[in-house]
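Student: Can we go through this structure together? I'd like to start with a helix and work outwards.

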Amino acid sequence: MVHATGTLTRAAVGERMERVAQALHGQGGVAGTPVAICLERSPELILAVLGIVRAGAAYVPIDPTYP
């Protein structure tokens, strides 16, 4: 993954995605549970979405610029 702030390898993306998924499981997240994401467009947003999907949950994007 290439972004203006840097580059992430596949291994780094996989590891960070797995960390998000494990954190959701640790919080009691179960398959189909909606998880809100309020992030600007960035690599962190992509990693959060991938981790949520990996955990089997559903993501709900929230626009951070919306009042």
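**Helices, packing and salt bridges**

Tutor: Start with α2: at 1.5 Å a residue, its 13 residues should span 18 Å, and its end C-alpha atoms are 18 Å apart, which agrees. The expected span is 1.5 Å times one less than the number of residues. Helices (H or I, at least four residues) and strands (E, at least two) are DSSP runs, numbered from the N terminus.

Student: Where do these numbers come from?

Tutor: This is a predicted model, in which local features need pLDDT of at least 70, side-chain atom pairs count only at pLDDT 80 or more, and totals for chains, interfaces and linings use all residues. Residues are numbered from 1 along each chain as its sequence is written, and side-chain values use heavy atoms, with hydrogens and water left out.

Student: How many helices and strands are in the protein chain?

Tutor: Two helices and four strands. From the N terminus on, the order is β-β-α-β-α-β.

Student: Which residues of α2 are buried?

Tutor: Pro43, Leu45, Leu47, Ala48, Val49, Gly51, Ile52 and Ala55. Buried means under 20% relative accessible area, exposed means over 50%, and partly exposed is in between (1.4 Å probe, protein chains only).

Student: What do the buried residues of α2 pack against?

Tutor: They pack against β1 (2–3), α1, β3 (34–37) and β4 (58–61). Contact here means heavy atoms within 4.5 Å.

Student: Pick one of them. What is Leu47 in contact with?

Tutor: Leave aside its neighbours within four places in sequence. Then Leu47 touches Leu8, Val13, Arg16, Met17 and Val20. Leu47 is buried, with a relative accessible area of 3%.

Student: And Pro43, buried or exposed?

Tutor: Pro43 counts as buried, at 9% relative accessibility. The C-alpha atoms of Pro43 and Ile62 are 16 Å apart, with their places 19 residues apart in sequence.

Student: Where does Ile62 lie?

Tutor: In the segment after β4. Ile62 is partly exposed, with a relative accessible area of 42%. Its C-alpha atom is 4.8 Å from that of Cys38, although the two are 24 residues apart along the chain. Outside its neighbours within four places in sequence, Ile62 is in contact with Ala36, Ile37, Cys38 and Leu39.

Student: Back to the helices. How do α1 and α2 cross?

Tutor: Their axes come within 8 Å and cross at roughly 55 degrees. Axes are lines fitted to C-alpha atoms, for helices over the stretch in contact, and angles run from 0 to 180 degrees between N-to-C directions.

Student: What do you call that orientation of α1 and α2?

Tutor: Oblique. Angles under 35 degrees count as roughly parallel, over 145 as roughly antiparallel, 65 to 115 as roughly perpendicular, and the rest as oblique. Among the residues making the contact are Val13, Met17 and Leu24 of α1, and Leu47, Ala48 and Gly51 of α2.

Student: New topic. How many salt bridges are there?

Tutor: A search of the whole structure finds three. A salt bridge is a side-chain nitrogen of Lys or Arg within 4 Å of a carboxyl oxygen of Asp or Glu. Side chains of opposite charge can pair when their charged atoms come close.

Student: What does Arg19 pair with?

Tutor: Glu15, with the closest N and O atoms 2.8 Å apart. Arg19 and Glu15 are four residues apart in helix α1 (residues 10–26), so about one helical turn separates them. An α-helix has 3.6 residues a turn, so residues three or four places apart point the same way.

Student: Which residue forms a salt bridge with Arg16?

Tutor: Glu44, with the closest N and O atoms 3.8 Å apart. This pair links distant parts of the chain: Glu44 is in helix α2 (residues 43–55) and Arg16 in helix α1, 28 residues apart. Glu44 is partly exposed at 41% relative accessible area, and Arg16 is partly exposed at 26%.

Student: And Glu18, what does it bridge to?

Tutor: Arg54, with the closest N and O atoms 3.0 Å apart. Glu18 lies in helix α1 and Arg54 in helix α2, so the pair ties together parts that are 36 residues apart in sequence.

Student: Last one. What comes after α2?

Tutor: Gly56, whose phi is positive, near 90 degrees.
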